[in-house]
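The exercises below invite the reader to study one protein model step by step. Each task is followed by a worked solution.

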Amino acid sequence: MNSNSPLEASNPHRYSEAEIAAVYRVIAERRDMRHFLPTPVASETLTKILQAAHHAPSVGLMQPWRFIRITDNNVRKNIHQLVDAERAKTAQAIGEIENTTRMAEFLRLKVEGILECGEILVVALCDDRNRHVFGRRTLPEMDLASVSCAIQNMWLAARAEGLGMGWVSIFDPLKLGQLLGMPSEAKPIAVLCLGHVNTFYKEPMLVETGWKTAKPLAEMVMENSWDNLDADLTKQDAANKGSNKTSNKPDNT
Ligand SMILES: Cc1cc2nc3c(=O)[nH]c(=O)nc-3n(C[C@H](O)[C@H](O)[C@H](O)COP(=O)(O)O)c2cc1C
């Protein structure tokens, strides 16, 4: 988005140019991290990151997020074992659904940094969720969407603090819930690896390793109906980029 757009410049609610740039910078530079340094995370920083999570929006103000900080190294190792077991099953499923070359490629990927990172936080959906009806009658999964918003806040806050975070979802939620003594209606959805890193990946690690290519925004935005991929918004911005004109439309990358 071009910050000099006259439409935006007169908006009294706008942050300063530097603050706006910082917001877009952290969004662009956030990465899912799997490589960590063993340096501990300062407790004040951890509190700030958890507070950032708690600032997230949630359906009907349900606040369905629960965090379990793992400080016992044996519990950490047990979590790692659960993830490793599921990693093997995932590889097998990739072999069956895709092919064995793809399975071998998957097994070469680093998919977690559980044993190396400074902090482990298990994030779960709370129990007794069905009493929350507002916004969930037709879309009960909005509880998961709300917790995902909280995790994204943590990801961005961590990146701004110079810390990496990785979302690990390769585990059996029943087994992890049992390991951590969760009520049966609660559901773990993330093992978050948080910590100092040597360097942040420039691109998603799955792109850097050649596992996957990322698609551009232009392939995701439609206008008026599902099959109209020719949205004016993205065409307009592409044209502006070419001619360096101003625009109030979102970035196309
Ligand atoms: C809901 C969710 C679950 C994920 N689970 C895993 C995981 O188990 N292991 C892993 O290596 N990455 C996991 N990721 C990270 C994605 O692979 C990563 O976000 C994606 O490749 C894009 O990279 P980026 O986050 O650096 O932009 C997860 C991401 C999300 C949003």
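**Exercise 1.** Which residue with a positive phi follows α6?

Solution. The model examined here is a predicted one. In it, α6 is followed by Gly 162, and the phi of Gly 162 is positive, near 85°.

**Exercise 2.** Describe the overall make-up of the protein.

Solution. Begin with the elements: the protein contains nine helices and four strands. Next, read them along the sequence, which gives the pattern α-α-α-β-α-α-β-α-β-α-β-α-α. Then consider burial: 23% of the 253 residues count as buried. Finally, turn to the contacts with a separation of 6 or more, of which 76% are between residues 24 or more positions apart.

**Exercise 3.** Compare the length of each of two helices, α2 and α6, with its expected span, and examine their burial.

Solution. Start with α2, which covers residues 17–29. Its 13 residues should span 18 Å at 1.5 Å a residue, and the end C-alpha atoms are 18 Å apart, so the two values agree. A residue is buried if 20 or more other C-beta atoms lie within 10 Å of its own. The number of buried residues in α2 is zero, and therefore this helix lies largely in the open.

Now take α6. Its 19 residues reach 27 Å from the first C-alpha to the last, close to the 27 Å expected at 1.5 Å a residue. The buried residues of α6 include Asp 143, Ser 146, Ala 150, Met 154, Trp 155 and Arg 159. Among the elements that cover the buried residues of α6 are α2, α3 and β1, together with β2, β3 and β4.

**Exercise 4.** Is β4 largely enclosed or largely open, and how is it paired?

Solution. First, count the buried residues: nine of the nine residues of β4 are buried, so the strand is largely enclosed by the rest of the structure. Second, look at β2, which runs antiparallel to β4 and is joined to it by seven bridges. Within this pairing, Ile 120 has Cys 193 of β4 as its bridge partner. Third, look at β3, which pairs with β4 in the antiparallel sense over five bridges. Here Val 168 stands opposite Val 191 in β4.

**Exercise 5.** Which elements contribute two or more residues to the largest nonpolar core?

Solution. The largest nonpolar core has 37 residues, and those with the most contacts inside it include Ile 120, Met 154, Val 191 and Cys 193. The elements giving two or more residues to this core are the helices α3 (43–54), α4 (73–97) and α6 (142–160), and the strands β2 (119–125), β3 (164–168) and β4 (187–195). The contribution of α6 is the greatest, at seven residues. Leu 192 is also one of the residues with the most contacts inside the core. Leaving aside its neighbours within four places in sequence, Leu 192 is in contact with Ile 120, Leu 121, Val 123, Met 165 and Trp 167.

**Exercise 6.** Where is Thr 71 placed, and is it buried or exposed?

Solution. Thr 71 is in the loop between β1 (65–70) and α4. A residue is exposed if 12 or fewer other C-beta atoms lie within 10 Å of its own. Thr 71 has 9 such atoms and is therefore exposed. Thr 71 and Leu 121 are 50 residues apart along the chain, and their C-alpha atoms are separated by 9.2 Å.

**Exercise 7.** Which residues surround the ligand?

Solution. The ligand is surrounded by Arg 31, Asp 32, Arg 34, Val 111, Glu 112, Trp 167, Val 168, Ser 169, Ile 170, Pro 204 and Leu 206. Sorted by character, this shell holds six nonpolar residues, one polar residue and four charged residues.

Notes. Residues numbered from 1 in each chain as written. Predicted model: local features only at pLDDT ≥ 70, side-chain atom pairs only at ≥ 80, totals over all residues. Near = placed C-beta within 6 Å. Nonpolar A, V, L, I, M, F, W, Y, C, P; charged D, E, K, R; others polar. Core = buried A, V, L, I, M, F, W, Y, C linked by C-beta atoms within 7 Å. Contact = placed C-beta atoms within 7 Å. Expected span 1.5 Å × (residues − 1). Pairing = 2+ DSSP bridges.
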